[in-house]
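Visitor: I have a structure to go through before the afternoon. Could you take me round it and let me ask as we go?
Guide: Certainly; here it is.

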Amino acid sequence: MKRNFYDLTKENLQEMIKPSFRAIQLFSWVYQKYSLDFNEMTNLSKNDRAEFDKIFSLNLPELANKEISSDGSIKYLFKLKDGYTIETVLLPMKNEVVDESGEIVKHARYTVCISTQVGCKMGCAFCYTAKGGFKRDLTPGEIVTQVLYIKKELNLPPERRVNIVFMGMGEPLDNLENLATSIKIFGDVDGLSISPRRQTISTSGLATKIEKLAKLNLNVLLAISLHAVDDELRDKLMPVNKAYNIASIIEAIKKFPIDSRKRVMFEYLMIKDLNDDLKSAKKLIKLMHGIKAKINLIYFNPHEGSEFQRPLRENVEEFKEYLNRAGLICTIRESKGLDISAACGQLKERSLKNAT
Ligand code: SAH
Ligand code: SF4
């Protein structure tokens, strides 16, 4: 059986093929020239090309559907080899700037929101992905090709760096080994060259896995989906809280190595009449004591069958002001892609039932 090339780090390749600079050449063809065919890799000998073609496969996922939102974000539905589908969202963060002569003076900036599992085990009450249950982990290659596919499709020059957020379907830390491999592949300077500082892992707070991640010293950024300031409510919203309560998450964060210029992001999903009051804001300030934190308030996105409601804008603004006054950095997340269900928590494996 052929090995999926995209599952391998450059170091893995260097163990398999000699001399070791072949691995650099291959990485460059695949991740910088977007090649899908060993036969076109002209700086390799004919023998090598034939050999690599025999041992490696280079298959991007199949595009099953694509929706473009009025705000420019694009949702991709990718079909995997076994028929399951996953979603990836491209979010343009800054638009291209063009001068009077029509020349581009500043390129558009992109963030890609990627999936790490088919479905999710965590069962959060507010999350659409949770409704389909868990199917399986993604392989490193299935994680990496979500970004490669899009860069190739948009024909972005290789040096155009994108940011990655692991905020699509699935709980990244529940697939830690494959996640770590994909972070290394993304970060390789001979490949996509997406520095770990441009990669943010969002987690529901698996405290022991946060500690494991810290030990791997990958230098990635961390975002914690907190959403509630007391265990009673968090237990109800996020069943995983019964295993890892708020105190255990805070403790793990305090030990997590953070670049001196960076902060840990805390995502706080605002749900009408549940956690959007100033009493909660006050508790949040207390919880953040001693942590270099940045709070990101998210509007709950209602979806079919959801029992919760979107908070009022004035309450979200007031909550933010309250945190700011206490000296906390706090922003409100713009919900992109609302019209195509590409916003947070709305990604779902729609063809789950049809998959074999
Ligand atoms: N499993 C990880 C990453 C994927 S979810 C995690 O939970 O962090 C990405 C973000 O979307 C999380 O902060 C999650 O809480 C949020 N989210 C889930 N459902 C949502 C909804 N209906 N509206 C807004 N955000 C939601
Ligand atoms: Fe999983 Fe995150 Fe959704 Fe919770 S919010 S069910 S952890 S994807």
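Visitor: Let us start with ligand 1. How do the residues of its shell divide into nonpolar, polar and charged?
Guide: This is a predicted model. In it, the shell around ligand 1 has 10 nonpolar residues, 10 polar ones and two charged ones.

Visitor: And how many residues surround ligand 1, and which are the closest?
Guide: Ligand 1 is surrounded by 22 residues. The closest are Gly170, Ser202, Ser225, His227 and Asn301.

Visitor: What does serine 202 offer the ligand?
Guide: An N or O atom in the side chain of serine 202 lies 2.7 Å from an oxygen atom of ligand 1. Asparagine 301 uses its backbone instead: an N or O atom there is 2.9 Å from a nitrogen atom of the ligand. For glutamate 171, a polar side-chain atom is 3.4 Å from a nitrogen atom of ligand 1.

Visitor: How much of the ligand's accessible area does the protein cover?
Guide: On its own, ligand 1 has 530 Å² of accessible area, and the protein covers 96% of it.

Visitor: Which elements give two or more residues to that shell?
Guide: Those elements are β12, β14 (264-270) and β15 (293-299).

Visitor: I should like to look at β12. Where does threonine 200 sit, and what is it in contact with?
Guide: Threonine 200 belongs to strand β12, which covers residues 199-203. Beyond its neighbours within four places in sequence, its contacts are Ile164, Val165, Phe166, Met167, Leu221, Leu222 and Ala223.

Visitor: Is threonine 200 buried or exposed?
Guide: Threonine 200 is buried, because its relative accessibility is 11%, below the 20% cut-off.

Visitor: Back to His227. Where is it found, and what is its phi?
Guide: Histidine 227 is in the loop between β13 and α8 (231-237). Its phi is positive, at about 70°, although the residue is not a glycine. Most residues other than glycine have a negative phi.

Visitor: Where else is there a positive phi in a residue other than glycine?
Guide: Asparagine 217 is one such residue, with phi near 50°. It lies in the loop between α7 (207-216) and β13 (221-225).

Visitor: Are these two buried or exposed?
Guide: Histidine 227 counts as buried, at 5% relative accessibility, whereas asparagine 217 counts as exposed, at 55%.

Visitor: While we are on backbone geometry, which residues does a cis peptide bond join?
Guide: Lysine 18 and proline 19 are joined by a cis peptide bond, with omega about -10°. Proline 19 is placed in the loop between α1 (10-16) and α2 (21-32). Most peptide bonds are trans.

Visitor: What about α2 itself; where is isoleucine 24, and what does it contact?
Guide: Isoleucine 24 is in helix α2. Apart from neighbours within four places in sequence, it is in contact with Lys10, Gln14 and Asp190. At 33% relative accessibility, isoleucine 24 counts as partly exposed.

Visitor: Now ligand 2. Which residues surround it?
Guide: Ligand 2 is surrounded by Cys120, Met122, Gly123, Cys124, Phe126, Cys127, Ala130, Gly170, Glu171 and Ser204. That shell divides into six nonpolar residues, three polar and one charged.

Visitor: I notice cysteines there. How many disulfides does the structure have?
Guide: A search of the whole structure finds zero.

Visitor: Are cysteine 120 and cysteine 124 buried or exposed?
Guide: Cysteine 120 is buried, with 12% relative accessibility. Cysteine 124 is buried too, with a relative accessible area of 12%.

Visitor: One last residue: where is arginine 49, and which residues does it touch?
Guide: Arginine 49 is in helix α3, residues 46-55. Not counting residues up to four places away in sequence, it touches Phe38, Asn39, Met41, Thr42 and Leu44.

Visitor: How does its side chain meet leucine 44?
Guide: The side chain of arginine 49 reaches the backbone oxygen of leucine 44 at 3.0 Å.

Visitor: And why does arginine 49 count as buried?
Guide: Arginine 49 counts as buried because its relative accessible area is 16%, and buried means under 20%.

Terms used
Residues are numbered from 1 along each chain as its sequence is written. Chains are lettered from A and ligands numbered from 1 in the order in which they are written. This is a predicted model: local features need pLDDT of at least 70, side-chain atom pairs count only at pLDDT 80 or more; totals for chains, interfaces and linings use all residues. Side-chain values use heavy atoms; hydrogens and water are left out. Helices (H or I, at least four residues) and strands (E, at least two) are DSSP runs, numbered from the N terminus. Buried means under 20% relative accessible area, exposed over 50%, partly exposed in between (1.4 Å probe, protein chains only). Contact means heavy atoms within 4.5 Å. A residue is near a molecule or strand if one of its heavy atoms lies within 4 Å of it. A polar contact is a pair of N or O atoms within 3.5 Å; within protein, one must be able to donate a hydrogen and the other to accept it, and residues adjacent in sequence count only if both atoms are side-chain atoms. Accessible areas come from the Shrake-Rupley method with a 1.4 Å probe; for residues, only the protein chains shown count as cover. Ala, Val, Leu, Ile, Met, Phe, Trp, Tyr, Cys and Pro count as nonpolar, Asp, Glu, Lys and Arg as charged, and the others, Gly among them, as polar. A disulfide is a pair of cysteine sulfur atoms within 2.5 Å.
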